[in-house]
Amino acid sequence: SKGGNDTVAFKFEPRHVVLPGEVIRVRFRATKAKSLLIQMFDEKKNDNFGHETANWKNGEWQTLEFKPGAMLDRGSGKVRPQAGTEFVNFQFHIEGTPDALLEIDWIEIVRIEE
């Protein structure tokens, strides 16, 4: 993804159902970006759930790890997805300078025993 306001998106086929203990890991490199927003769209709620981060090393490959259950809906910023929520897509959105760059190496969704 290149540009100061750009998105990379992946469609889940079939839909992704959130499971208890789920963790998402993304290996990425962001250069000249100010923010990175990860979103998943819940068609039933007609809203995205998101996780925003501003902590990364500019221009270096790194791994971000977060729990989908910790994401918040974009509408109210208060609702978390519950186990069983179905997501139809997964997207990464960067904001930054016109020459900002976002590279995605891999995405991993795993369950960790709690």
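Buried residues (under 20% relative accessible area with a 1.4 Å probe, protein chains only) make up 40% of the 114 residues in the protein chain. The model is predicted, so to speak of local features pLDDT must be at least 70, side-chain atom pairs count only at pLDDT 80 or more, and totals for chains, interfaces and linings use all residues. Residues are numbered from 1 along each chain as its sequence is written, and side-chain values use heavy atoms, leaving out hydrogens and water.

Let's look at the fold. The chain has 0 helices and 6 strands; strands are DSSP runs (E, at least two residues), numbered from the N terminus.

Now for the inside. The largest nonpolar core (buried Ala, Val, Leu, Ile, Met, Phe, Trp, Tyr and Cys residues joined through side-chain atoms within 4.5 Å) holds 21 residues, and Phe28, Leu36, Met40, Phe87, Phe90, Phe92 and Leu102 touch the most other members. Two or more residues come from each of β2 (22-42), β4 (62-66) and β6 (86-111), and β2 gives the most, with 8 residues.

Two residues invite a closer look. Their contacts (heavy atoms within 4.5 Å), leaving aside neighbours within four places in sequence, are these:

| Residue | In contact with |
|---|---|
| Phe28 | Leu36, Trp56, Glu60, Trp61, Gln62, Leu64, Leu102, Glu103 and Ile104 |
| Asp42 | Asp47, Phe49, Thr85, Glu86 and Phe87 |

Asp42 lies in strand β2. Asp42 is buried yet has no salt bridge, meaning a side-chain nitrogen of Lys or Arg within 4 Å of a carboxyl oxygen of Asp or Glu. The nearest side chain of opposite charge, Lys44, is 6.7 Å away; Lys and Arg count as positive, Asp and Glu as negative, while His and the chain ends are not counted.

How values were computed:
Buried < 20%, exposed > 50% of the residue type's maximum accessible area, 1.4 Å probe, protein only. Helix = DSSP H or I, 4+ residues; strand = E, 2+ residues; numbered from the N terminus.
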